[in-house]
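User: I have a protein model open and I am new to this. Could you take me through it, one question at a time?

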Amino acid sequence: MITHRTTASRTPVQLAALITGVVFLLVGVLGFVPGVTTNFDQLQFAGHHSDALLLGLFQVSILHNIVHLMFGIAGVLLAKTWSGARNFLVVGGIIYLLLWLYGLLVAQDSPANFVPLNTADNWLHLILGVGMVALGVLLTRGRTGARH
């Protein structure tokens, strides 16, 4: 028998991970849409020479967009279980906090800025990192995966 899980049967942490994953998927796709991404003709595979800007603000490359798509797929898949959702939010948030630190330490015009990252990306990564960790911790506080 096949059963379909609805959003009503998801725990809050699973719903948060699902929404986060869908947003990452949307951002990844939008990074490939001319107009939504300005300077689209300057989109490079990777590196700080990619002058394409998602929403005219966030520096992106093909690699950067692929990372968003992969995070989105991970979020949607891991949202199927309570522990997967928690891990996606907490570990994913830690990854984004590390990316924020990386963005602060690496010069924007350096070859080491391979993702690429600009100041707007750095602030967004800080907010994403803190937000994802907070959701993962607060929505699972005082609970264990065995009860879900």
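User: What area does the protein expose, and what share of it do carbon and sulfur atoms supply?
Analyst: This is a predicted model, and the values here are computed from it. The protein exposes about 8,100 Å². Carbon and sulfur atoms supply a share of 73%.

User: What pLDDT does the protein average?
Analyst: pLDDT is the predictor's confidence in each residue, from 0 to 100. In this protein, 91% of the residues score at least 70. The average pLDDT is 90.

User: Where is confidence highest, and where is it lowest?
Analyst: Look at the means for the elements. Helix 1, residues 12–30, has the highest confidence, at 98. The lowest mean is 93, and it belongs to strand 3, residues 58–60.

User: In what order do the elements run from the N terminus on?
Analyst: The protein has four helices and three strands. Write α for a helix and β for a strand. From the N terminus on, the order is α-β-β-β-α-α-α.

User: What share of the residues is buried?
Analyst: A residue is buried when its relative accessible area is under 20%. The protein has 148 residues. The buried share is 37%.

User: Is His 68 buried or exposed?
Analyst: First find the residue: His 68 lies in helix 2. Its relative accessible area is 8%. The limit for buried is under 20%, so His 68, at 8%, is buried.

User: Which residues does His 68 touch, not counting those up to four places away in sequence?
Analyst: A contact needs heavy atoms within 4.5 Å. Residues up to four places away in sequence are not counted. That leaves Phe 24, Leu 25, Val 27, Gly 28 and Tyr 96.

User: Which type of aromatic pair do Phe 71 and Phe 88 form?
Analyst: The rule for aromatic pairs gives a count of five. For Phe 71 and Phe 88, the rings are 6.3 Å apart, centre to centre, with 55° between the planes. Planes under 30 degrees apart count as stacked and those over 60 as edge-to-face. The angle of 55° fits neither, so the pair is tilted.

User: Which helices does this pair link, Phe 71 with Phe 88?
Analyst: Both Phe 71 and Phe 88 are buried. They are 17 residues apart, and the pair links distant parts of the chain. Phe 71 is in helix 2 (residues 62–78), and Phe 88 is in helix 3 (residues 82–105). The answer is helix 2 and helix 3.

User: Which residues do ring pairs link into a cluster?
Analyst: Phe 71 and Phe 88 are members of the cluster. Ring pairs also bring in Phe 24 and Tyr 96. The full cluster is Phe 24, Phe 71, Phe 88 and Tyr 96.

User: Which residues make the nonpolar surface patch of about 560 Å²?
Analyst: One of its residues, Phe 45, is in the loop between strand 1 (37–38) and strand 2 (52–54). The patch residues are Phe 32, Phe 45, Ile 66, Met 70, Ile 73 and Leu 77.

User: Is Leu 55 buried or exposed?
Analyst: Leu 55 is in the loop between strand 2 and strand 3. Its phi is near 60°, a positive value in a residue other than glycine. Its relative accessibility is 60%. The cut-off for exposed is over 50%, so Leu 55, at 60%, counts as exposed.

Methods: Residues are numbered from 1 along each chain as its sequence is written. This is a predicted model: local features need pLDDT of at least 70, side-chain atom pairs count only at pLDDT 80 or more; totals for chains, interfaces and linings use all residues. Side-chain values use heavy atoms; hydrogens and water are left out. Rings of Phe, Tyr and Trp (its six-membered ring) pair if their centres lie within 6.5 Å; planes under 30 degrees apart count as stacked, over 60 as edge-to-face and the rest as tilted. Helices (H or I, at least four residues) and strands (E, at least two) are DSSP runs, numbered from the N terminus. Buried means under 20% relative accessible area, exposed over 50%, partly exposed in between (1.4 Å probe, protein chains only). Patches are made of residues with over 30% relative accessible area and no salt bridge: like charges are joined within 9 Å, nonpolar side chains (Val, Leu, Ile, Met, Phe, Trp, Tyr) within 5 Å. Accessible areas come from the Shrake-Rupley method with a 1.4 Å probe; for residues, only the protein chains shown count as cover. A salt bridge is a side-chain nitrogen of Lys or Arg within 4 Å of a carboxyl oxygen of Asp or Glu.
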